[in-house]
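Please open the model in a viewer and keep the selection tool at hand. The stops below are best taken in order.

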Amino acid sequence: QVQLVESGGGLVPRGGSLRLSCSGSGRSFSQLAMGWFRQAPGKEREFVATITLDGGRSYYTDSVKGRFTISRDNAKNTVFLQMNDLKPDDTAVYYCAAPYYTQGAAYLPRSQHEYGYWGQGTQVTVSS
């Protein structure tokens, strides 16, 4: 079992920044790739970013490339999402997630179906 708890959401103006954190407990955190997803009102949950188990590689959805950065601190069992130049379209509940199994050091899961553990989410609201 892996328990995930997100924090760091809030209300920011257009162009502002937020740093989301996701603290993990349970199974060895450093053995799992991690991901961030988001769900806006009335829309399906969508992939945002993912990072390999050692933090060496990452992948982003096109709409956040150059603005968001995913990182992790395995010593603290925490993954981060630094969000800069926020736009109203970024408004959503943000979830961190972990897959059930490790798939190797290069694994970068992008589909929500590859993830088995989810946090409760943290609200991000960007005002215009």
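Begin by selecting Arg45 and Trp118: the charged end of Arg45 sits over the ring of Trp118, 3.7 Å from its centre. Please note that the model shown is a predicted one. A further arrangement of this kind can be displayed by selecting Arg19 and Phe80, where Arg19 lies over the face of the Phe80 ring, at 3.9 Å from the ring centre.

**The aromatic cluster**

Return to Trp118 and add Phe37, Phe47, Tyr59 and Tyr115 to the selection; these five residues form one aromatic cluster. Across the whole structure, a search finds seven aromatic pairs. One of them joins Phe37 and Phe47, with 5.7 Å from centre to centre and 75° between the planes. This geometry is edge-to-face because the angle between the planes is over 60 degrees. Colouring by secondary structure places Phe37 in strand 4 (residues 34–39) and Phe47 in strand 5 (residues 46–51), and the pair, ten residues apart, links distant parts of the chain. With the surface switched on, are Phe37 and Phe47 buried or exposed? Both Phe37 and Phe47 are buried.

**Thr50 and its surroundings**

Stay in strand 5 and select Thr50, which is located there. Thr50 has a relative accessible area of 0% and is therefore buried. Its side chain makes a polar contact of 3.2 Å with the side chain of Tyr115, a residue already selected as a member of the aromatic cluster. A polar atom of the Thr50 side chain also lies 3.3 Å from the backbone oxygen of Pro109. To show the wider surroundings, display the residues in contact with Thr50 beyond four places in sequence; among them are Met34, Gly35, Arg57, Ser58, Ile70 and Leu108. Tyr59, another member of the aromatic cluster, is also in contact with Thr50.

**The salt-bridge network**

Next, select Arg38, Glu46, Arg67 and Asp90, which are linked in a network of salt bridges. The structure as a whole holds four salt bridges. How far apart are the closest N and O atoms of Arg38 and Glu46? In this salt bridge they are 2.6 Å apart. Arg38, at 5% relative accessibility, counts as buried, whereas Glu46, at 35%, counts as partly exposed.

Now move to the salt bridge between Arg38 and Asp90, in which the closest N and O atoms are 2.9 Å apart. This pair links distant parts of the chain: Arg38 belongs to strand 4 and Asp90 to the loop between strand 8 (78–83) and strand 9 (92–98), 52 residues apart. Asp90 counts as buried because its relative accessibility is 1%, under the 20% limit.

Keep Asp90 selected and centre the view on Arg67. The side chains of Arg67 and Asp90 meet in a salt bridge, with 2.8 Å from N to O. Here, too, distant parts of the chain are linked: Arg67 lies in the loop between strand 6 (58–60) and strand 7 (68–73), 23 residues from Asp90. Arg67 counts as buried, at 9% relative accessibility.

**A last stop at Pro13**

Finally, select Pro13, which is found in strand 2 (residues 10–13). Which residues does Pro13 touch, not counting those up to four places away in sequence? They are Val126 and Ser127. To end, draw a distance from the C-alpha of Pro13 to the C-alpha of Gly56: the two residues are 31 Å apart in space and 43 residues apart in sequence.

Methods
Residues numbered from 1 in each chain as written. Predicted model: local features only at pLDDT ≥ 70, side-chain atom pairs only at ≥ 80, totals over all residues. Heavy atoms only, no water. Phe/Tyr/Trp six-rings, centres within 6.5 Å; stacked < 30°, edge-to-face > 60°. Helix = DSSP H or I, 4+ residues; strand = E, 2+ residues; numbered from the N terminus. Buried < 20%, exposed > 50% of the residue type's maximum accessible area, 1.4 Å probe, protein only. Lys NZ or Arg CZ within 6 Å of the ring centre and 35° of its normal. Contact = heavy atoms within 4.5 Å. Polar contact = N/O pair within 3.5 Å; in protein donor to acceptor, adjacent residues only side chain to side chain.
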